[in-house]
Amino acid sequence: MEHASRSVPGAQAIARAASLLRLVTAAGENGASLASLAHDADLSRSTAHRLLSALRMEGLVDRDEETTRWMPGPELFLMGTVAAARYDVTALARDIVRSLAVKTEESAFLSVRRGDETVCLLREEGSFPIRSFVLSEGVRFPLGVASAGLAILSFLPEHEANAYFERHPHLGERWGRTHTRTPLRRRLAETQERGYAVNPGLIVEGSWGMGAAVFDRAGRPEWALSLTGVEFRFGPDRSPQLGRTLLAHAHELSTRIANTRR
């Protein structure tokens, strides 16, 4: 990536602007402050403000005049509508995600792989009154951090997983020592053996998750279904059934995608 930035004129500015766009969309409907965007993008406030102002002129971001927070702009909606015809599987998945939430009574999600991250596309609330709010539409996590990304990373070819670790040697510094290479590789092996991933409160204490990969026609894990809830709902007496239900729904969606996306 660094080599590409040096060899392609303007690549660094585009990469910085793209990073800000991702952060703005991940912030959701409440938007994000300039300070938080600059910090998360590892930019000075002046540079972040200059890039955001340029994006605003193009309609890609907007700024609330009362709160001064930055939000997705109207051009993103228009672009997304066009891109959806090729990349969006939410129409195929919506009833499956809803069924997963109904049958488990937990919050159910569809996430898509985007490079080295997962992005949540759909959230469906379960009927159980105590919920976890770690994940919602637009939220991103690195592969291997939340249960959806752990499921996807587990079923990538070994050389791709190895390359991912080489690109991200500092996951543990941001997400805790349980996300350093050795314990993370151990969870990858456990996920491969079980067929589904388990996140035992590693992001937010007491908030557990489970994830199962969804495959494209070539057999690549490009999406994941996941469940989140409070710890006692994911105990050993219940988690195997949750896992079977999750895998059944993931298989149904993989089959639907294979039969539709031609």
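Which residue in strand 8 is the bridge partner of F215? The partner is P221. That pair belongs to a predicted model, and its confidence is worth checking before going further.

The protein has an average pLDDT of 88. A score of at least 70 is reached by 90% of the residues. Confidence peaks in helix 7, residues 147-154, with a mean of 96. The low point is helix 1, residues 2-7, with a mean of 46. Over residues 1-6 the pLDDT stays under 50. For that stretch the model has 2 contacts beyond four places in sequence.

Now the sheet. Six strands form an open sheet in the order 5-4-3-8-7-6, and the pairing is antiparallel. Strand 5 (140-142) and strand 6 (197-200) are the edge strands, each paired on one side only. On average, neighbouring strands are turned by 30° against each other, direction ignored.

Follow strand 8 through this sheet. Strand 8 covers residues 221-230 and runs antiparallel to strand 7, residues 207-215. The two are joined by 9 bridges. Along this pairing, M210 has L227 as its bridge partner in strand 8. Strands 7 and 8 form a hairpin with 5 residues between the strands. In this hairpin, G219 takes a positive phi near 85°. Strand 3 also pairs with strand 8, through 6 bridges, and again the two run antiparallel. Here S107 finds its bridge partner in T228.

How many of the residues of strand 8 are buried? The count is 10 of 10, and the strand is mostly covered. In a regular strand, side chains alternate between the two faces of the sheet. One residue of strand 8 to look at is S226. Its relative accessible area is 2%, so S226 counts as buried, the cut-off being under 20%. Leaving aside neighbours within four places in sequence, S226 is in contact with residues including L100, S107, F109 and L135. The list also holds S147, A148, M210 and L246.

L246 leads on to the nonpolar cores. The largest one has 27 residues. Within it, L110, L225, L246 and L253 touch the most other members. At least two residues each come from helix 6 (90-104), strand 3 (107-114), strand 4 (117-124), strand 7, strand 8 and helix 11 (239-260). Helix 6 gives the most, with 6 residues. Another core lies apart from this one. It has 24 residues, among them L156, Y164, L188 and A224.

What does L246 touch, leaving aside its neighbours within four places in sequence? The contacts are L100, Y196, M210, G211, A212, L225, S226 and L227. Several names recur. M210 is the residue that bridges to L227, and S226 lists L246 among its own contacts.

Helix 6 also holds A91. Is A91 buried or exposed? A91 counts as exposed because its relative accessibility is 67%, and the cut-off is over 50%. A91 and R256 are 165 residues apart in sequence. In space, their C-alpha atoms are 11 Å apart.

Notes: Residues are numbered from 1 along each chain as its sequence is written. This is a predicted model: local features need pLDDT of at least 70, side-chain atom pairs count only at pLDDT 80 or more; totals for chains, interfaces and linings use all residues. Side-chain values use heavy atoms; hydrogens and water are left out. Two strands pair if DSSP finds at least two bridges between them. Helices (H or I, at least four residues) and strands (E, at least two) are DSSP runs, numbered from the N terminus. Axes are lines fitted to C-alpha atoms, for helices over the stretch in contact, and angles run from 0 to 180 degrees between N-to-C directions. A nonpolar core is a set of buried Ala, Val, Leu, Ile, Met, Phe, Trp, Tyr and Cys residues joined through side-chain atoms within 4.5 Å. Buried means under 20% relative accessible area, exposed over 50%, partly exposed in between (1.4 Å probe, protein chains only). Contact means heavy atoms within 4.5 Å. pLDDT is the predictor's confidence in each residue, from 0 to 100.
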